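Biologist: Please show me how to read a ligand site and the empty spaces inside a protein.

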Amino acid sequence: MSALIRIEGVSKRFGNFAAVDDVSLDIRENEFFALLGPSGCGKTTLLRMLAGLEVPSEGRILIDGQDMANVAPNKRPVNMVFQSYAVFPHMTVAQNVGYGLRIDGVARAEIEGRVREALGLVKLDGLEARKPDQLSGGQRQRVALARALIKRPKVLLLDEPLSALDAKLRETMRSELAMIQDQVGVTFVMVTHDQDEALAMACRCGVMHKGQLQQVATPADLYEYPANRFVADFIGSVNLFEGRLALDQPDQARVEVPGLGASIWVDHGVTGATGGTVWAAIRPEKIELHHRGAQADVGGGDPPPLPAGTPVDANLLEGSVRHSSYLGSETVYEIEVAGGRMVKVLRSNVRRYEERAFEVGDVVWLSWSPQAPAVLLS
Ligand code: ATP
């Protein structure tokens with residue numbers, strides 16, 4: 001797929017402050033791209049530059065091969081859906097949706113046909129004559145979406161499109177919005193600070209922090225192969241161990257973590273940072289829990305079998321369950337290991353009734369495969 005949007009070395013400064021700092025990024029035709037990051041990271045400013053509502057201090061933005069430098073917002077092949085999904089309160093649904101076409105002087109019969117088509121797309125058929133105050137929040141959001149899509153933009157920009165909806169509706173709208181995008185084949189660029197939302201909806205995500213783009217990848221790659229500590233921590237839940245890269249070979253590496261009582265062994269090399277400080281990132285669901293025995297016989301109980309080839313002193317920790325949170329489909333355990341460090345372990349509840357439960361106070365073993373940790377340099 002070719003790049004529909006090309007962002008080349010774009011920065012935006014407000015006074016001395018760089019809200020967006022040297023961002024380069026290609027967004028492909030027909031993809032659902034999410035710009036993701038904490039509040040204030042610059043994602044909205046970047047979106048506004050695509051819309052032409054802010055002018056870059058440096059760099060270029062090309063859409064469909066055309067430099068946008070001197071193209072006014074209303075002449076760009078983009079349309080924007082705002083956070084507050086502003087719809088005109090005095091107009092009916094049909095009038096709201098057809099508004100942009102009326103302004104453009106499109107013939108009435110064509111407007112009617114396209115309004116019908118757009119309302120069908122967002123599943124609002126039959127509600128043409130309603131006013132916005134007779135609609136639910138989710139329906140108003142769909143009106144805003146239909147109004148933006150009816151003009152058939154090449155790119156639809158969405159600024160926190162679901163943030164005004166309640167949690168349950170937000171979840172329903174996630175898959176609906178993704179399906180609508182798939183159906184219309186318009187390139188969607190969405191800004192959100194909600195990582196679940198971005199992972200659930202986008203084909204690819206760009207993670208921003210302090211104005212800089214940290215990583216661009218598919219949701220699965222962001223989660224499994226974060227590029228740095230910020231991304232590992234921001235996307236999902238993670239256990240981060242700071243240590244020294246004591247061994248670094250193409251097919252294995254070892255991180256020594258002071259005071260942990262075990263080293264972290266991984267099945268891949270870490271491009272030449274031997275001796276340096278690194279972080280090993282292990283997701284809570286990748287750690288296995290094993291019973292070590294009742295508190296009365298602490299010190300007893302054999303360690304669990306480790307994956308073939310794992311050195312005996314690696315990837316194995318003893319700990320004590322300090323807290324457990326039952327979350328329905330899974331339970332999250334906080335386990336205290338050597339040095340008072342807390343490790344988060346997530347366990348599926350699929351076999352909850354067949355297995356012996358872990359209780360607060362239980363002494364346990366924690367183990368993980370050498371494939372589980374990601375070793376991060378910064
Ligand atoms: P949020 O999720 O809170 O909207 P964001 O990641 O979208 O955050 P931006 O709105 O892009 O962040 O803002 C990035 C930074 O630039 C913030 O620190 C903000 O205060 C600053 N900023 C944005 N617009 C202006 C402006 N017009 N003048 C001065 N500073 C601004």
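Modeller: We take the ligand first and the cavities after that. This is a predicted model: local features need pLDDT of at least 70, side-chain atom pairs count only at pLDDT 80 or more, and totals for chains, interfaces and linings use all residues. Residues are numbered from 1 along each chain as its sequence is written, and side-chain values use heavy atoms, with hydrogens and water left out.

Biologist: Which residues are around the ligand?

Modeller: A residue is near a molecule if one of its heavy atoms lies within 4 Å of it. Here the residues around the ligand include Phe-14, Phe-17, Lys-43 and Thr-44.

Biologist: Which oxygen contacts does Ser-39 or Thr-45 make with the ligand?

Modeller: A polar contact with the ligand is a pair of N or O atoms within 3.5 Å. A polar side-chain atom of Ser-39 is 2.5 Å from a ligand oxygen atom, and a side-chain N or O atom of Thr-45 is also 2.5 Å from an oxygen atom of the ligand. Gly-40 uses a backbone N or O atom, 2.7 Å from a ligand oxygen.

Biologist: How is empty space found?

Modeller: Rolling a probe the size of a water molecule over the atoms shows where empty space is left. A cavity is a set of points, on a 1 Å grid over the protein atoms alone, where a 1.4 Å probe fits but cannot get out; lining residues have an atom within 4 Å of a point. The volume is the space filled by probe spheres set on the points, which are joined across faces, edges and corners. There are two cavities of 30 Å³ or more. The largest holds about 80 Å³, and its lining includes Tyr-333, Arg-347 and Glu-355.

Technical notes. Polar contact = N/O pair within 3.5 Å; in protein donor to acceptor, adjacent residues only side chain to side chain. 1 Å grid on protein atoms, 1.4 Å probe; cavity = no way out; pocket = protein on both sides within 12 Å on 5 of 7 lines; lining within 4 Å.
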